[in-house]
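Hi,

Here is the structure I promised to pass on. Have a look at it first, and then read on for what turned up.

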Amino acid sequence: CKVFNSTYIDRKILNIMQKNSRITVKQIAEECFISSPSVSVRLQNLEGLGYIRTYQAILDHQKLGFLIKAYVNCAVNAKDKQDFYRYIEEIPNVVECDCITGDYSMLLKVYFTNTIELDEFITDLQRFGDTKTHIVFSTNVGPRGLQIQINE
């Protein structure tokens, strides 16, 4: 993994894009005091180098009817990881799946419309190992991007 070694302007552009990926090239140019063509080239380079992977909207899950947000830990045996990943890939309610250290090997971020659906998912998930579920009451910070230091 390479450490991000870029210019002040690239870092500023990345911070701006994390706050609003719909911002226009012209607006970025004005904020960075550079030309629009220069911003376009920098964005293409950042995309090409993989620093910008995608542009994505952050949805309000509750307004869409997904009232239950939860984090589910699952103790998946190493020999079952590939089957587990294939299974999880097919569940649209799972928005993130991280392989972690500790007592549980996986951490899932999930959204469901109700606790009955969540319970059915967890029951099915337990074929891969023990689970521990944390239902979120509120989110007071985020989601937000990782702010990159922009020292000159």
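Let me start with an arginine: R86 is exposed, at 52% relative accessibility. Bear in mind throughout that this is a predicted model.

R86 has a partner. Its side chain meets that of D83 in a salt bridge, with N to O at 2.5 Å. D83 is partly exposed, its relative accessible area being 41%. Why do these two line up? They sit three residues apart in helix α4 (residues 81-89), so about one helical turn separates them.

The rest of α4 has two sides to it. F84, Y87 and I88 are buried. Viewed down the helix axis, the buried residues of α4 fall within an arc of 95°, so they line one face of the helix. On the other side, Q82, R86 and E89 are exposed, which puts the arginine of the salt bridge in that group. And what lies over the buried residues? The cover includes β1 (68-74), β2, β3 and α5 (115-125).

Two of those covering strands are worth a closer look. β2 and β3 pair in the antiparallel sense, over five bridges, and C97 stands opposite L108 in β3. The hairpin they form has six residues between the strands, and in it G102 takes a positive phi near 110°.

There is a salt bridge between these strands too: the side chains of E96 and K109 meet at 3.9 Å, N to O. This pair links distant parts of the chain, with E96 in strand β2 (residues 94-99) and K109 in strand β3 (residues 106-112), 13 residues apart. Are its two ends buried or exposed? E96 counts as partly exposed, at 39% relative accessibility, whereas K109 is buried, with a relative accessible area of 15%. K109 gets that label because the cut-off for buried is under 20%.

One more pair to check while you have the viewer open: D124 forms a salt bridge with R127, and their closest N and O atoms are 3.6 Å apart. D124 is partly exposed at 33% relative accessibility, while R127 is exposed, with a relative accessible area of 53%.

How many salt bridges does a search of the whole structure find? It finds five, and those described here include D83 with R86, E96 with K109 and D124 with R127.

Cheers

Terms used. Residues numbered from 1 in each chain as written. Predicted model: local features only at pLDDT ≥ 70, side-chain atom pairs only at ≥ 80, totals over all residues. Heavy atoms only, no water. Salt bridge = Lys/Arg side-chain N within 4 Å of Asp/Glu carboxyl O. Helix = DSSP H or I, 4+ residues; strand = E, 2+ residues; numbered from the N terminus. Buried < 20%, exposed > 50% of the residue type's maximum accessible area, 1.4 Å probe, protein only. Pairing = 2+ DSSP bridges. Arc of directions from axis to C-beta. Contact = heavy atoms within 4.5 Å.
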